[in-house]
Amino acid sequence: SRIKVYFDGGCRPNPGKMEIAVVAGGQVHILPDLGHGTNTDAEWLALIHALRIAQSLSLPDFVLLGDAAHVIGPATGAVKCRGAAICHLEAFRALAGDDAPPPIRYIKRTQNLAGIALARLHPR
């Protein structure tokens, strides 16, 4: 069966300190300080990191799941990539290699295990 790899990124404030989370195979991977950037930058970095983790685990069949439609659209080719996001898309494609990019699906924020992990870092 296909392994689910969840990703999410954010920053506090926006723009501000970027953080990302990836959940794969029951393991939570959090990078709490990726420098200064925007929420969109953080979402792209989370997607790229999710692909890295899936590749490092040698997952035979996986799907990347996130709640950032503004990143998923360009990453899948459904929407034209513009502006500063182009370099993130190029990095994602370079990491994917010559193979077809892995499947990426949009899920609701409440279903995103990576987003839930990030939210736990900042209790209200």
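Trainee: What share of the 124 residues in the chain is buried?

Mentor: Buried residues make up 44% of them. Buried means under 20% relative accessible area, exposed means over 50%, and partly exposed is in between, using a 1.4 Å probe and protein chains only. This is a predicted model, where local features need pLDDT of at least 70, side-chain atom pairs count only at pLDDT 80 or more, and totals for chains, interfaces and linings use all residues. Residues are numbered from 1 along each chain as its sequence is written, and side-chain values use heavy atoms, with hydrogens and water left out.

Trainee: How many helices and strands are there?

Mentor: The chain has 4 helices and 6 strands. Along the sequence they run β-β-β-β-α-β-α-α-β-α. Both are DSSP runs numbered from the N terminus: helices are H or I with at least four residues, strands are E with at least two.

Trainee: What radius of gyration does the chain have?

Mentor: The radius is 13 Å, and a compact globule of 124 residues would be near 14 Å, so the two agree. The radius is taken over C-alpha atoms, and the globule rule is 2.2 Å times the number of residues to the power 0.38. The C-alpha atoms fill a box of roughly 40 × 35 × 25 Å along the principal axes.

Trainee: Now the inside. Which residues touch the most other members of the largest nonpolar core?

Mentor: Val5, Phe7, Trp44, Leu47, Leu64, Phe92 and Ile104 do, in a core of 26 residues. Such a core is a set of buried Ala, Val, Leu, Ile, Met, Phe, Trp, Tyr and Cys residues joined through side-chain atoms within 4.5 Å.

Trainee: Which element gives the most to this core?

Mentor: Helix α1 does, with 8 residues. There is also a second, separate core of 9 residues, including Tyr6 and Leu118.

Trainee: Back to Ile104. What is Ile104 in contact with?

Mentor: Leaving aside neighbours within four places in sequence, Ile104 is in contact with Phe7, Leu47, Leu64, Ile72, Ala75, Thr76 and Phe92. Contact means heavy atoms within 4.5 Å.

Trainee: Ile72 is in α2, right? Which residues of α2 are buried?

Mentor: Val71, Ile72, Gly73, Pro74 and Ala75 are. The buried residues of α2 pack against β1, α1, β5, α3 and β6 (104-106). Just after α2, Gly77 takes a positive phi of about 85°.

Trainee: New topic. Is Gly115 buried or exposed?

Mentor: Gly115 is buried, at 5% relative accessible area. Gly115 lies in helix α4 (residues 113-120). Beyond its neighbours within four places in sequence, Gly115 is in contact with Asp8 and Arg109. Gly115 and Val23 are 92 residues apart in sequence, but their C-alpha atoms are 9.3 Å apart in space.

Trainee: Any odd backbone spots? Which residue does a cis peptide bond join to Arg12?

Mentor: Pro13, with omega about -15°. Pro13 sits in the loop between β1 and β2. The bond from Asn14 to Pro15 is cis as well, with omega near -5°, and Pro15 is in the loop between β1 and β2.

Trainee: Why do you point those out?

Mentor: Most residues other than glycine have a negative phi, and most peptide bonds are trans.

Trainee: So which phi does Ser58 have?

Mentor: Phi of Ser58 is near 55°, a positive value in a residue other than glycine. Ser58 lies in the loop between α1 and β5. At 58% relative accessibility, Ser58 counts as exposed.
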